[in-house]
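Please look at the following structure with me, and let us work through some questions about it in order.

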Amino acid sequence: MSFEFNIIYTPGTATGLAPLVNSLLAWSDCTFRLVANGCPADEESFLRHFCDRSSRLTFLSLPTEKMIPHGKALFFLHQQTQ
């Protein structure tokens, strides 16, 4: 059984957290969804391309133009798994 974890990115965090994802991929067999929460277009593009590097990565942009509170983002993601 493989687990999928969400990693939520807020504006300004996409490139800085990339090494974390590489480490998670190297040391686990889990899959990860990189979630953009209000990130600008260039960061979303970076995250999309980053996901192309591994079949264990997927990308999702929350359906909002501005960053939403973390709890609301988690609630939205939880609703996607139902």
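Q: What percentage of the 82 residues in the protein is buried?
A: The model is predicted, so local features need pLDDT of at least 70 and side-chain atom pairs count only at pLDDT 80 or more, while totals for chains, interfaces and linings use all residues. Residues are numbered from 1 along each chain as its sequence is written, and side-chain values use heavy atoms, with hydrogens and water left out. A residue is called buried under 20% relative accessible area, exposed over 50% and partly exposed in between, using a 1.4 Å probe and protein chains only. Among the 82 residues of the protein, the buried share is 32%.

Q: Which pattern do the helices and strands of the protein follow along the sequence?
A: Helices (H or I, at least four residues) and strands (E, at least two) are DSSP runs, numbered from the N terminus. The protein has 3 helices and 3 strands. Read along the sequence, their pattern is β-α-β-α-β-α.

Q: Why is the sulfur of cysteine 39 not bonded to the closest cysteine sulfur?
A: A disulfide is a pair of cysteine sulfur atoms within 2.5 Å, and a search of the whole structure finds 0 disulfides. Cysteine 30 is in no disulfide either, with the nearest cysteine sulfur, that of cysteine 51, 15 Å away. For cysteine 39, which is buried with a relative accessible area of 7%, the closest cysteine sulfur is in cysteine 51, too far for a bond because the distance is 12 Å.
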